[in-house]
Amino acid sequence: MDRAAAEQWIRAHVRPAGAVETAHEQPWATVLRVPLADGAAWFKACGPVQAFEPRLTAELFARWPDRVPEVLAHDEERGWLLLADAGTPIRELGNPPETWLAALPLYAELQRGEAGRAHEHLARGVPDLRVAALPARYEDLLRRDLPLEPDEVRRLRGFTPRFAELCEELATQGVPETVQHDDLHHANVYVAGRPAARARLRLLDWGDASISHPFASLVVTFRFLEETNGLAPHDPWFARLRDAYLEPWGSGLAGTFELAIRVGRFAHVTAWSRQRDALPEAKRFEFDGWFAVVLRRALAATLA
């Protein structure tokens, strides 16, 4: 990123009240905090692996301004995005399941509304993780050097034909494929406003999104509720959240949801593999520590 050019572009859209600071820098994106007289704005420079994010975010904001971050400006060619402050991530509030009860139906409505634009999103660079593509993606994954033990890799290889069957079954369920956030956790849902009854919820950070089965979104949400909140896998909260999410989709979909979560764990692995491919070699060791966690959660689905 050309820092001087980025700051010049920022100043063309907002008036900073102080020095622009680096909030965080990763191989896939750099985020700058822009102090304003009445708060802050946030600049994001997306790397090639998620260059689609500024356009996607801007289009979602144009159609769903009450549930995604306010886009102040974007530059599709340079992968730049300027956002208004969205409030407080619910991570800082303890990741309350009650907030997810409110957020998930809003997200499901967005997904349903975007289903008719899936091909348009694909044409503009959003990754293709549609169910029909997943068996080939799975086989490609197995050709890579994965951070797993040899017996774990053998289990994944042995699951290949069964995974193809599960994908075929899921494809017959009649749920349209659409935008799938794929990083829907407590650091990417923000709340602003008080009291809670009038608070606004916004879903941020669409750089890991794909076009895929919508229900797979909750693979990440549920993982963090287990790991961060300590909820047991069969805690009643998971059924409550599932039902809240499914309500906009219609009735009788609990079985489809469970199948989508099982398949979606491997779609999520594929998305991680895509990010890993874009990393310089020196950055992969740290990344692989977390990648192994995601792989082993998917591996557990081979035993179901």
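This is a short presentation on the fold of one protein chain and on a few of its residues, given from a predicted model.

Good morning, colleagues. I shall begin with the chain as a whole and then turn to individual sites.

The protein chain contains 11 helices and 10 strands. Its radius of gyration is 19 Å, close to the 19 Å that the globule rule gives for 304 residues, so the chain is as compact as a globular protein of that length. The C-alpha trace, taken along its principal axes, spans about 60 × 45 × 35 Å. Of the 304 residues, 54% are buried. If we consider contacts between residues at least 6 apart in sequence, 69% of them join residues at least 24 apart.

As to the surface, the chain exposes about 14000 Å², and carbon and sulfur atoms supply 50% of that area. With regard to charge, there are 36 positive and 43 negative side chains. How far apart do the centres of these two sets lie? The separation is 1 Å.

Let me now turn to helix H8, which comprises residues 218-227. This helix is mostly covered, with eight of its 10 residues buried. The buried residues are Leu218, Val219, Val220, Thr221, Phe222, Arg223, Phe224 and Leu225. Which elements cover them? The cover includes helix H3 (97-114), helix H9 (236-246), helix H10 (254-277) and helix H11 (284-300). A general remark may help in viewing this part of the model. An α-helix has 3.6 residues a turn, so residues three or four places apart point the same way.

Within H8, I would draw attention to Thr221. Its relative accessible area is 1%, and Thr221 is therefore buried, since the cut-off is under 20%. What partner does the polar side chain of Thr221 have? A polar atom of that side chain lies 2.7 Å from the backbone oxygen of Leu184. Leu184 also appears among the contacts of Thr221: with neighbours within four places in sequence left aside, Thr221 is in contact with Trp100 and Leu184.

A second site of interest is Arg55, placed in helix H2, residues 53-63. Is Arg55 buried or exposed? At 3% relative accessibility, Arg55 counts as buried. The side chain of Arg55 makes a polar contact, at 2.9 Å, with the side chain of Glu59. Leaving aside neighbours within four places in sequence, Arg55 is also in contact with His74, Glu76, His121, Arg124 and Val126.

Next, two residues deserve mention for their backbone geometry. Asn95 has a phi near 55°, which is a positive value in a residue other than glycine. Asn95 sits in the loop between strand E6 (88-89) and H3, and at 1% relative accessibility Asn95 counts as buried. Asp182 likewise has a positive phi, near 65°, and is a residue other than glycine. The loop that holds Asp182 runs between strand E7 (178-180) and strand E8 (189-192). At 4% relative accessibility, Asp182 counts as buried.

I come now to distances between residues that are remote in sequence. Leu146 lies in the loop between helix H5 (134-142) and helix H6 (150-158). Leu146 is buried, with a relative accessible area of 8%. Ala292, in helix H11, is also buried, and its relative accessible area is 8%. Although Ala292 and Leu146 are 146 residues apart along the chain, their C-alpha atoms are separated by 8.0 Å. For Leu146 and Ser273, 127 residues apart along the chain, the corresponding separation is 9.3 Å. Which residues does Leu146 contact, leaving aside neighbours within four places in sequence? They are Leu141, Leu156, Phe291 and Leu295.

As a counterpart, consider Arg162 in helix H7, residues 160-171. Arg162 is partly exposed, with a relative accessible area of 34%. The C-alpha atoms of Arg162 and Ala37 are separated by 57 Å, and these two residues are 125 apart along the chain.

To close, I return to two points. The radius of gyration of this predicted model is close to what the globule rule gives for 304 residues, and buried residues make up 54% of the chain. Within it, Thr221 in H8 is buried, as is Arg55, and each has a polar partner: the backbone oxygen of Leu184 lies 2.7 Å from a polar side-chain atom of Thr221, and the side chain of Glu59 makes a polar contact with that of Arg55. Thank you for your attention.

Definitions and conventions:
Residues are numbered from 1 along each chain as its sequence is written. This is a predicted model: local features need pLDDT of at least 70, side-chain atom pairs count only at pLDDT 80 or more; totals for chains, interfaces and linings use all residues. Side-chain values use heavy atoms; hydrogens and water are left out. Helices (H or I, at least four residues) and strands (E, at least two) are DSSP runs, numbered from the N terminus. Buried means under 20% relative accessible area, exposed over 50%, partly exposed in between (1.4 Å probe, protein chains only). A polar contact is a pair of N or O atoms within 3.5 Å; within protein, one must be able to donate a hydrogen and the other to accept it, and residues adjacent in sequence count only if both atoms are side-chain atoms. Contact means heavy atoms within 4.5 Å. The radius of gyration is taken over C-alpha atoms; the globule rule is 2.2 Å times the number of residues to the power 0.38. Accessible areas come from the Shrake-Rupley method with a 1.4 Å probe; for residues, only the protein chains shown count as cover. Lys and Arg count as positive and Asp and Glu as negative; His and the chain ends are not counted. The place of a charge is taken as NZ of Lys, CZ of Arg, CG of Asp or CD of Glu.
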